[in-house]
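Subject: Structure handover and notes

Dear colleague,

I am passing on the structure we spoke about, together with my notes on what turned up in it. Please read the notes with the coordinates open beside you.

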Amino acid sequence: MGFMDAETVDDFFSGQAAALAGGTTMHIDFVIPVNGSLVAGLEAYEKKAKKSCMDYGFHVAITKWDESVSREMEIMVKEKGINSFKFFMAYKGILMINDELLLQGLKRCKSLGALAMVHAENGDAVFEGQERMIELGITGPEGHTLSRPAVLEGEATARAIRLARFVNTPLYVVHVMSIDAMEEIAKARKSGQRVIGEPVVSGLVLDDSGLWDPDFITAAKYVMSPPIRESGHDKALQAALSNGVLQLVGTDHCTFNSTQKAFGINDFRKIPNGVNGIEERMHLVWDTMVESGQISVTDYVQITSTECARIFNIYPRKGAILAGSDADIIIFNPNASFEISASSHHSRSDTNVYDGRKGKGKVEVTIAGGRVVWQGDELKVVPGAGKYIEMPPFSYLFNGIDKADARYLSSLRAPVKRFLAS
């Protein structure tokens, strides 16, 4: 994708090849509209996907609001197999939407049975934080995390949750990176609200110390949004994942090389945001969560595969080994070891935020659609082998929404019939 005046170095082939080498057999990519048009945006991504080597689906971002966008959302759901839309509460002046647009989008998602997803950071406050850092002379990568503290992620998460509650529609919070955001999700779920929280690998296993590295390229490779947090947030997110407050693990894989990251050598605001993770996810989640005893092997399957398939309404075609399922299978050796290296990974990026990390548990074989595509540390993939997977609306998250609406209406005791006393 194109973002912050740069194009990610991984395309559908290299990114998916990395995924298969790491034991992931399908991914859902984000479509960015073209001049606000969802249809034009989807057409552009369909062209990019012609070189795909594994199955894929699409979410679509909503960056403006008018009747044409509302109509195109219906086309996406009813004709194009898309059942989720993403709203950016950050990136002011680029992708950010306001509360009015978010409300309209939530209402439209509800009517279509599509899942609303949010990047939750207070974009106005982040903009102010960035200006503050520049005024203080803090122009390096550390300024990125200092300008967008966890409290701003928590505020936006709380706001999105409350607006979704007001509309009574399910909400998916992407890349949960902080205790602040996680606690808002925990409160909402405890009250019975349909909120999904998705941590990503970087937030689970890293802290922000790398952003203070004196070498610019080393520090810049860790720049992503919301930012990787200080030590302590990672452990809290792990605990939330183990106890069910957070439901599944994504990657937000968005790679830029060191040359592109250097665009911001004098101004952290110009560093393209994004880190790798699609090849490393299955290994790091096992090593961090299963080896430590925080979750079971069954839980591991749930948070890396099954729950995602259920949320996006493609279970049991995906996320299961059953008769009639797609035969996407990995053979995982819990006793083998792994070592991550930028020199040997399959991403086209020349950096890796997990470089040098070692651990236990390794994907030895990946089978996609019944074909062995990774074995003996060798990829056997060809461009164009991947299939587009349509995702129908009204997943299990929508069960009972209509009944809750009916209960609400019956509870109003309104309108009141009044008279004027003479």
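The side chains of lysine 187 and glutamate 184 form a salt bridge, with an N to O distance of 3.5 Å, and both residues belong to helix H8, which spans residues 179-190, where they stand 3 residues apart, about one turn of the helix. An α-helix has 3.6 residues a turn, so residues three or four places apart point the same way. Glutamate 184 counts as buried, because its relative accessible area of 16% falls under the 20% cut-off. Please keep in mind throughout that this is a predicted model.

In total, the count of salt bridges comes to 23. Another of them pairs lysine 48 with glutamate 7, whose closest N and O atoms are 3.7 Å apart. Since lysine 48 sits in helix H2 (residues 38-48) and glutamate 7 in strand S2 (residues 6-7), this pair ties together parts that are 41 residues apart in sequence. Both partners are partly exposed, lysine 48 with a relative accessible area of 31% and glutamate 7 with one of 42%.

The loop between H14 and S9 deserves a slower look, and I would begin with aspartate 326, which is placed in that loop. Aspartate 326 is buried, with a relative accessible area of 18%, and its side chain meets that of arginine 317 in a salt bridge of 2.8 Å, N to O, while a polar contact of 2.9 Å joins it to the side chain of lysine 318. Arginine 317, for its part, counts as partly exposed at 35% relative accessibility. Which residues are linked with aspartate 326 in a network of salt bridges? They are Asp55, Arg317, Lys318, Asp328 and Lys387. If residues up to four places away in sequence are not counted, aspartate 326 touches Asp55, Arg317, Lys318, Gly369, Gly370 and Ile389.

Serine 325 is also found in this loop, which runs between helix H14 (297-311) and strand S9 (329-339). With a relative accessible area of 15%, serine 325 is buried, and a polar atom of its side chain lies 2.6 Å from the backbone oxygen of proline 316. Apart from neighbours within four places in sequence, serine 325 is in contact with Pro316, Arg317 and Ala320.

Is isoleucine 321, a further residue of the loop between H14 and S9, buried or exposed? Isoleucine 321 is exposed, because its relative accessible area of 63% is over the 50% cut-off. The C-alpha atom of isoleucine 321 is separated by 23 Å from that of leucine 241, a residue 80 places away along the chain.

Turning to the interior, the largest nonpolar core has 88 residues, and those with the most contacts inside it are Phe58, Phe85, Phe87, Val118, Leu171 and Leu246. A second, separate core of 16 residues includes Ile28, Leu115, Ile389 and Leu397. In soluble globular proteins, nonpolar side chains tend to be buried together. For leucine 246, the contacts beyond four places in sequence are with Val176, Met182, Ile185, Gly197, Pro199, Leu237, Ala240 and Leu241.

Nonpolar residues also appear on the surface, where Tyr408, Leu409 and Leu412 form a patch with about 330 Å² of accessible area together. Leucine 412, in the segment after helix H15 (401-411), counts as partly exposed at 36% relative accessibility.

Finally, helix H1 (residues 12-21) is largely enclosed by the rest of the structure, because 9 of its 10 residues are buried. These buried residues are Phe12, Ser14, Gly15, Gln16, Ala17, Ala18, Ala19, Leu20 and Ala21. At the N-terminal end of H1, aspartate 11 acts as a cap, with a side-chain oxygen 3.0 Å from the backbone nitrogen of phenylalanine 13, and just after H1 glycine 23 takes a positive phi of about 90°.

With best wishes

Methods: Residues are numbered from 1 along each chain as its sequence is written. This is a predicted model: local features need pLDDT of at least 70, side-chain atom pairs count only at pLDDT 80 or more; totals for chains, interfaces and linings use all residues. Side-chain values use heavy atoms; hydrogens and water are left out. Helices (H or I, at least four residues) and strands (E, at least two) are DSSP runs, numbered from the N terminus. Buried means under 20% relative accessible area, exposed over 50%, partly exposed in between (1.4 Å probe, protein chains only). A polar contact is a pair of N or O atoms within 3.5 Å; within protein, one must be able to donate a hydrogen and the other to accept it, and residues adjacent in sequence count only if both atoms are side-chain atoms. Contact means heavy atoms within 4.5 Å. A nonpolar core is a set of buried Ala, Val, Leu, Ile, Met, Phe, Trp, Tyr and Cys residues joined through side-chain atoms within 4.5 Å. Patches are made of residues with over 30% relative accessible area and no salt bridge: like charges are joined within 9 Å, nonpolar side chains (Val, Leu, Ile, Met, Phe, Trp, Tyr) within 5 Å. Accessible areas come from the Shrake-Rupley method with a 1.4 Å probe; for residues, only the protein chains shown count as cover. A salt bridge is a side-chain nitrogen of Lys or Arg within 4 Å of a carboxyl oxygen of Asp or Glu.
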